[in-house]
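Trainee: Got a minute? I'd like to go through this structure with you.
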Amino acid sequence: MSNKYIFPEGFWWGSATSATQIEGAAHEGGKGENIWDHWYQQEPDRFFENIGPETTSDFYHRYKEDIQLMKEIGHNTFRMSISWSRLIPGGRGEVNQQAVDFYNHVIDELIANDIDPFINLFHFDMPLELQNEGGWESREVVKAYQHYAKIAFELFGDRVKKWFTFNEPIVPVEGGYLYDFHYPNVVDGKRAAQVAYNTMVAHAKAVAAFRECNMKDGKIGIILNLTPSYPRSQHPADLKASRIADLFFNRSFLDPAVLGEYPEELIQILQEYDQLPITENGDKELLKAGKVDILGVNYYQPRRVKAKDHLPNTEGPFMPEWFFDLYEMPGRKMNPYRGWEIYEKGIYDIMINLKENYGNIESFISENGMGVQNEERFAENGEIQDDYRIDFIREHLKWLHKAIEEGCNAKGYHLWTFMDNWSWMNAYKNRYGFISVDLHTQKRTLKKSAYWIKEVSENNGF
Ligand code: BG6
């Protein structure tokens, strides 16, 4: 690799956030309840240090100050999400004018500061009333989502040019229907498959609504967390295990989103184990037409896969883990403050895969980041000396740069995240931001990495 890393002109430098994680004002401004508000009220003990989503980073009240900080650290783009239950409190029906005003102000403020807003419509935050109707298991909820998407395009599409239907749509499937870390805490493989499928139908319906709006210069995409799957060895059993993990955790969303259809091998496995979701006439065509213009890639860590030592115990609910085991690769590099593997080359492998197998779709790194527990320990005179985060970003950027040099169609890099924020059940446990937030006073302080990214953005590289 070279020792100078200058990115293509117009490269997108920025960061990503989500509504529930930064806005706060959970019971203000006419917002309705979503599943997080509800679950926290039901079971506060399941949230780290019993902290819920009421206040988070208070972006709802402090967005002006925050946008100034974005500008100060060189952002030219910023990803946020709309809270469905803020915009349409019941999930369907009346639009909340206070929410329209809020999002209009945020969008206008970003644009006035030369920051291009990227908007995502769904980041894990199902309106409670719709969850009570079955959430993504219900086709009526899918219809409500399409309506919500259409309203958002109509309200904000004159200024917002990059739209995303979902962030990490596999996470609510895993958390809510397989591994019990999201509401409604169901463990049921077949229901999980239905939720995954209906989410893609909802995606395709939102794409259809977007196309109808005929938005000049507008692009529609999806944001997927891709975890490249690496086999322990070249032994056929390990290769197969790795391929199946890839089918479940990457291709289950990547293929329909970019190619417009599901991988045949995945369908066969689900069929063999009687896990296929219920479909409707016309779905195939809808999914075909729902191919995205742009793909956001969230990359945190790889998946190290080996064949199972024993035949799977297929009693109990269907699980992807029936087909493979994970292992800890000897000598792997770890983020000691979060417990995730760091494998920078993964970002390159993803991009090459998109180039070779997915038509070199326009993409960008929509999340990448390093979570750190008790990050206050690295503060000097109040400023967090996060050299580990600078190294983390720099090394990933080097691999991204190499991918671009080799012709990959990657347009930008967004860190997860702009400022420390509330992360679902993990609440404030792992800090990811360029900017630290004092939980009690809400004071924002730039970390060392914020000054570093400012320079990188200004030089369009390093
Ligand atoms: C990402 C999600 O995958 O991980 C974010 O999109 C989340 O919403 C982030 O906050 C970090 O997760 P954690 O569990 O390390 O706090």
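Mentor: Sure, we'll take the active site, the sheets and one helix in turn. Keep in mind that this is a predicted model.

Trainee: Where does UniProt place the "active site" feature?
Mentor: The UniProt entry, which is unreviewed, puts that feature at Glu367.

Trainee: Which strand is glutamate 367 in?
Mentor: Glutamate 367 lies in strand S12, which covers residues 362-367.

Trainee: Is glutamate 367 buried or exposed?
Mentor: Buried, because glutamate 367 has 23 C-beta neighbours inside 10 Å. The cut-off for buried is 20 or more.

Trainee: What is glutamate 367 in contact with?
Mentor: Leave aside its neighbours within four places in sequence. Then glutamate 367 contacts Ala16, Asn298, His414 and Trp416.

Trainee: OK, zoom out. What do the 8 strands close into?
Mentor: A barrel, with parallel pairing. The order is S1-S2-S3-S4-S5-S7-S12-S16. On average, neighbouring strands of this sheet are turned by 25° against each other, direction ignored.

Trainee: How many bridges pair S12 with S16?
Mentor: There are 2 bridges, in the parallel sense. Strand S16 spans residues 410-416. Isoleucine 365 has tyrosine 413 in S16 as its bridge partner.

Trainee: New topic. What is the order of the open sheet?
Mentor: The order is S6-S8-S9, so to speak a row of 3 strands, with mixed pairing.

Trainee: Which strands stand at the edges?
Mentor: Strand S6 (229-231) and strand S9 (325-326). Each has a single partner strand, so one side of each has no neighbour in the sheet. Helix H10, residues 236-259, packs on this sheet and touches S6 and S8. The direction of H10 makes about 170° with that of S6.

Trainee: And how do S8 and S9 run?
Mentor: Antiparallel, joined by 2 bridges. Valine 305 stands opposite leucine 326 in S9.

Trainee: Last one, helix H15. Which of its residues are buried?
Mentor: Ser449, Ala450, Ile453 and Val456 are the buried residues of H15. They sit on the same side of H15, because they cover an arc of only 125° around the axis.

Trainee: What is exposed on the other side of H15?
Mentor: Glu455, Glu458 and Asn459 are exposed there.

Trainee: What do the buried residues of H15 pack against?
Mentor: They pack against helix H14 (387-405), strand S18 (435-437) and strand S19 (444-446).

Trainee: What comes just after H15?
Mentor: Asparagine 460, with a positive phi of about 55°.

How values were computed. Residues numbered from 1 in each chain as written. Predicted model: local features only at pLDDT ≥ 70, side-chain atom pairs only at ≥ 80, totals over all residues. UniProt positions renumbered as here; feature names shortened; annotations may be inferred. Helix = DSSP H or I, 4+ residues; strand = E, 2+ residues; numbered from the N terminus. Buried ≥ 20, exposed ≤ 12 C-beta atoms within 10 Å, placed from the backbone. Contact = placed C-beta atoms within 7 Å. Pairing = 2+ DSSP bridges. Axes fitted to C-alpha atoms, helices over the stretch in contact; angles between N-to-C directions. Arc of directions from axis to C-beta.
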